[in-house]
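This briefing presents a protein–DNA model for readers at the bench. Please consult the sequence and the structure shown below while reading.

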Number of protein chains: 4
Amino acid sequence: MPRRQAENERIRDEQRQNILRAAEKVFARKGLAAAKMTEIAAAAGVSYGLAYHYFESKEELFAALVEHEIRGTMRGIQEALEERHGTPWERLTRMVAWMLQGMQEQPEAVLVTLHALTSEATPPEIRQRFYELAHLNNEVITQLIIEGQKAGEVVQGDPEQLAAFLGSSIQGIAISMTYGGVLSLKIPDAALVLRGLKA
Amino acid sequence: MPRRQAENERIRDEQRQNILRAAEKVFARKGLAAAKMTEIAAAAGVSYGLAYHYFESKEELFAALVEHEIRGTMRGIQEALEERHGTPWERLTRMVAWMLQGMQEQPEAVLVTLHALTSEATPPEIRQRFYELAHLNNEVITQLIIEGQKAGEVVQGDPEQLAAFLGSSIQGIAISMTYGGVLSLKIPDAALVLRGLKA
Amino acid sequence: MPRRQAENERIRDEQRQNILRAAEKVFARKGLAAAKMTEIAAAAGVSYGLAYHYFESKEELFAALVEHEIRGTMRGIQEALEERHGTPWERLTRMVAWMLQGMQEQPEAVLVTLHALTSEATPPEIRQRFYELAHLNNEVITQLIIEGQKAGEVVQGDPEQLAAFLGSSIQGIAISMTYGGVLSLKIPDAALVLRGLKA
Amino acid sequence: MPRRQAENERIRDEQRQNILRAAEKVFARKGLAAAKMTEIAAAAGVSYGLAYHYFESKEELFAALVEHEIRGTMRGIQEALEERHGTPWERLTRMVAWMLQGMQEQPEAVLVTLHALTSEATPPEIRQRFYELAHLNNEVITQLIIEGQKAGEVVQGDPEQLAAFLGSSIQGIAISMTYGGVLSLKIPDAALVLRGLKA
DNA sequence: TATGAATGAGAGTTCATTCAT
DNA sequence: CATGAATGAACTCTCATTCAT
């Protein structure tokens with residue numbers, strides 16, 4: 001009996017992950033409204049009925065996915081922040097490099113969050129979480145910029161605006177890279193991205 | 001007596017514009033899949049039947065809208081390019097300023113094209129047109145960068161990559177500004193945006 | 001004024017005929033349900049709005065058409081019946097020949113009445129009229145058959161059944177001929193059609 | 001545990017048949033254009049959604065039905081042809097008797113094919129199949145007539161034309177019988193139908 | 001846990017019909 | 001008399017979701 005239970009739990013976890021991964025692919029390509037549950041289930045190699053064992057609804061699945069990705073990103077930002085060695089500029093560079101690397105490794109996460117952000121059809125709770133992430137992101141960068149300005153490494157100016165500008169640029173790069181078929185944008189290095197902020 | 005032909009043509013033109021404007025609002029907020037024809041018609045103050053009098057289908061309406069916006073943007077780029085006075089850097093600055101101004105004045109056009117770009121549900125012809133625009137845009141900027149490099153005003157490096165980087169940044173800014181509720185990004189001036197490319 | 005009035009009346013009559021002729025073509029090819037008013041109007045070379053000046057509705061137009069054709073056929077049957085010279089067999093032959101000729105000259109009338117008969121979507125009044133025609137037709141033939149049997153020219157048997165059989169055959173021939181592309185049925189002569197009834 | 005595959009297959013087969021039978025009734029009475037999917041689904045005792053689970057569209061359902069009926073008829077003709085005992089006249093009589101019986105037992109099949117034939121709204125592929133059936137039918141009868149003529153049992157004349165004439169008559173009878181409310185045509189026996197071809 | 005048959009709300013679309021001009 | 005812009009009832013079809021097995 002306990003063997004059976006443990007087995008079941010393992011299966012549950014695996015299937016959940018399986019479905020989430022499939023959902024990520026489909027939502028990334030289509031967005032919430034245009035994605036179909038049958039397509040997600042097919043991509044996961046399960047019946048569409050099964051998706052409803054694990055997730056209440058399409059929206060809930062989307063929410064779970066976005067939440068998962070937001071947590072991952074937030075965790076990453078925190079970790080990057082904890083590596084405190086080096087000058088502020090070096091830390092800023094590490095942070096940007098980490099972001100550029102993340103978007104290259106998980107372009108689908110970028111797309112899903114973009115869809116979540118850009119469609120009013122996105123449920124409010126999801127957008128709310130996204131806003132929180134954006135704020136955290138901005139705060140962290142702002143903090144680094146302030147420190148960099150004190151150290152004379154970063155150009156003068158409203159740190160929040162500079163942070164927002166930097167964040168926007170990175171987001172834009174993420175989009176261009178993900179739709180890289182269009183322009184053959186090679187991933188720029190952190191130095192280029194940060195060049196505009198150098199004192 | 002039938003209505004005068006000129007009168008009819010005027011009505012047709014006006015309603016078409018009317019519906020296109022309404023469609024822009026709705027598609028900008030929701031994207032193609034999540035937008036409803038009834039909503040668009042209601043926003044235009046007409047019956048949904050009339051929308052079909054002027055456009056074959058929702059997709060065709062979307063395509064007409066994207067086409068319209070792409071043409072507008074392309075025309076703008078060409079015009080900006082024709083003002084040839086000043087150094088390359090000055091011209092680059094004018095171009096970027098014009099883009100920043102455009103996205104501020106017509107944020108919905110930005111959103112519509114973004115939706116068109118990011119959803120695979122977008123009909124291929126439409127995406128194709130978007131790619132063409134992106135290429136034109138990139139070529140023009142590339143050209144200015146090359147001239148700037150010759151004049152020693154722009155940092156050295158692959159001009160196409162620099163252009164793509166600049167374009168991406170601007171696109172990212174456009175998105176952030178349009179979803180300005182999130183971060184209070186004030187529109188950065190062209191000088192800041194271009195700072196990273198200064199020799 | 002009177003000149004103007006007469007002129008108007010002439011136009012009215014001509015347009016009515018014009019629209020009826022166009023409707024015949026379209027209804028013949030499509031049937032009531034699948035025919036579109038815009039198509040009929042286009043075939044008549046008028047605006048679709050004009051069709052509603054002359055006919056209350058699509059159904060009414062269809063009814064008027066069927067009525068027109070039924071009247072024509074009935075008149076024809078009566079006239080054929082009034083030519084009383086010759087033996088019953090000769091008169092039967094003349095009647096059948098007249099029918100065969102009619103279906104050859106106005107295949108569309110055959111199709112319209114067939115559509116009227118075969119779709120339950122046909123308004124009841126129209127079907128009623130059609131039944132009346134069928135009965136008249138049957139009565140007339142029955143009468144001729146009775147006379148023919150008395151004269152020893154027609155095979156023995158229930159005259160109504162024989163008449164129905166003859167009528168059915170002719171109807172079948174009409175259909176085959178009209179869809180003549182399929183089988184290249186040449187119009188059979190009255191002698192062949194009647195051969196089965198010969199004493 | 002998922003439902004056993006065999007069970008599912010059985011359900012699928014039964015429902016498909018169920019819906020086809022219901023569709024036959026409705027299409028027979030109304031034709032393709034006037035028939036509504038909700039009506040067909042209701043007649044089958046299922047939701048309209050389910051009809052789309054089994055058939056892509058109304059047209060596809062109609063096509064499947066016509067195809068089914070055409071196959072049945074063709075098979076019947078082939079089988080009737082294989083009973084080779086008796087003189088040509090006897091075999092012709094058997095064939096006609098079989099046709100008369102068929103139309104009496106399955107009047108709806110007659111109506112469906114008639115609708116398929118008479119409306120230009122019918123998809124071309126479907127009409128094509130119908131033409132093939134008509135040709136097969138005609139060939140078979142033609143062959144029997146040729147043999148009958150050789151045996152001196154059938155009247156002289158172009159066998160194809162005689163066959164077409166016979167086929168048309170039978171089709172006409174089918175229509176009259178199916179719309180039997182109009183004329184009370186009792187089903188004629190094969191002898192009467194063939195009397196016109198007797199040598 | 002897993003499947004897919006079954007349902008029906010809701011969206012897109014068509015087209016008869018009205019009516020201002 | 002004539003036109004075609006405008007309306008909305010009615011249909012077709014999609015797809016999220018439920019549930020028997």
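What percentage of the 199 residues in chain A is made up of buried residues? In this predicted model, buried residues account for 50% of the 199 residues in chain A. The points below take up the fold of chain A, the relations between chains, the surfaces near the two DNA strands, and one residue of chain C.

**Fold and domains of chain A**

- Chain A contains 9 helices and 0 strands.
- Read from the N terminus, the order of elements in chain A is α-α-α-α-α-α-α-α-α.
- The C-alpha trace of chain A extends about 65 × 45 × 30 Å along its principal axes.
- Of the contacts in chain A between residues at least 6 apart in sequence, 68% connect residues at least 24 apart.
- The domain assignment divides chain A into domain 1 (1–55) and domain 2 (58–195).
- A distance of 28 Å separates the C-alpha centres of domain 1 and domain 2 of chain A.
- Contact between these domains of chain A involves 17 residues of domain 1 and 15 residues of domain 2.

**Relations between the chains**

- Two copies of a chain are related by a rotation about an axis and a shift along it.
- For chain B laid on chain A, the turn is 179°, the shift along the axis is 0.0 Å and the RMSD is 0.2 Å. This is the relation of a two-fold axis.
- Chain A and chain B meet through the same surface, because 100% of the interface residues of chain B are also interface residues in chain A.
- Chain D superposes on chain C with an RMSD of 0.2 Å after a rotation of 180° and a shift of 0.0 Å along its axis. Here too, the same surface serves both copies, and 100% of the contact residues of chain D recur in chain C.
- Chain A and chain C are joined by no contact, and their closest C-alpha atoms are 33 Å apart.
- Chain B and chain D likewise do not touch, with 19 Å between their nearest C-alpha atoms.

**Surface near DNA strand E**

- DNA strand E has 40 residues around it, of which B:Y52, D:R12, D:Q15, D:Y48 and D:Y54 come nearest.
- By class, the residues of this surface near DNA strand E comprise 21 nonpolar, 11 polar and 8 charged.
- At least two residues of the surface are supplied by each of these elements: α1 (2–34) and α3 (48–54) of chain A, α3 (48–54) of chain B, α3 (48–54) of chain C, and α1 (5–34) and α3 (48–54) of chain D.
- Sugar or phosphate accounts for 59% of the atoms of DNA strand E within 4 Å of the protein, and bases account for the rest.
- D:Q15 places a polar side-chain atom 2.7 Å from a phosphate oxygen of DNA strand E.
- C:Y52 has a polar side-chain atom 3.1 Å from a phosphate oxygen of DNA strand E.
- D:Y48 has a polar side-chain atom 2.7 Å from a base nitrogen of DNA strand E.

**Surface near DNA strand F**

- DNA strand F is surrounded by 40 residues, and the closest are B:R12, B:Y48, B:Y54, C:R12 and D:Y52.
- The surface near DNA strand F consists of 21 nonpolar, 11 polar and 8 charged residues.
- Of the atoms of DNA strand F within 4 Å of the protein, 58% are in sugar or phosphate, and the rest are in bases.
- An N or O atom in the side chain of A:Y52 is 3.1 Å from a phosphate oxygen of DNA strand F.
- The backbone also takes part: a backbone N or O atom of B:S47 is 3.0 Å from a phosphate oxygen of DNA strand F, and a polar backbone atom of D:A35 is 3.4 Å from a phosphate oxygen of DNA strand F.
- Two or more residues of this surface come from each of α3 of chain A, α1 (5–34) and α3 of chain B, α1 (2–34) and α3 of chain C, and α3 of chain D.

**A buried asparagine in chain C**

- C:N138 belongs to helix α7 (residues 124–150) of chain C.
- Why does C:N138 count as buried? Its relative accessibility is 9%, and buried means under 20%.
- The side chain of C:N138 reaches the backbone nitrogen of C:A164 at a distance of 3.5 Å.

Key: Residues are numbered from 1 along each chain as its sequence is written. Chains are lettered from A and ligands numbered from 1 in the order in which they are written. This is a predicted model: local features need pLDDT of at least 70, side-chain atom pairs count only at pLDDT 80 or more; totals for chains, interfaces and linings use all residues. Side-chain values use heavy atoms; hydrogens and water are left out. A residue is near a molecule or strand if one of its heavy atoms lies within 4 Å of it. A polar contact is a pair of N or O atoms within 3.5 Å; within protein, one must be able to donate a hydrogen and the other to accept it, and residues adjacent in sequence count only if both atoms are side-chain atoms. Helices (H or I, at least four residues) and strands (E, at least two) are DSSP runs, numbered from the N terminus. Ala, Val, Leu, Ile, Met, Phe, Trp, Tyr, Cys and Pro count as nonpolar, Asp, Glu, Lys and Arg as charged, and the others, Gly among them, as polar. Copies are superposed by least squares on the C-alpha atoms of residues with pLDDT of at least 70 in both. Contact means heavy atoms within 4.5 Å. Buried means under 20% relative accessible area, exposed over 50%, partly exposed in between (1.4 Å probe, protein chains only). Domain bounds come from an automatic or database domain assignment.
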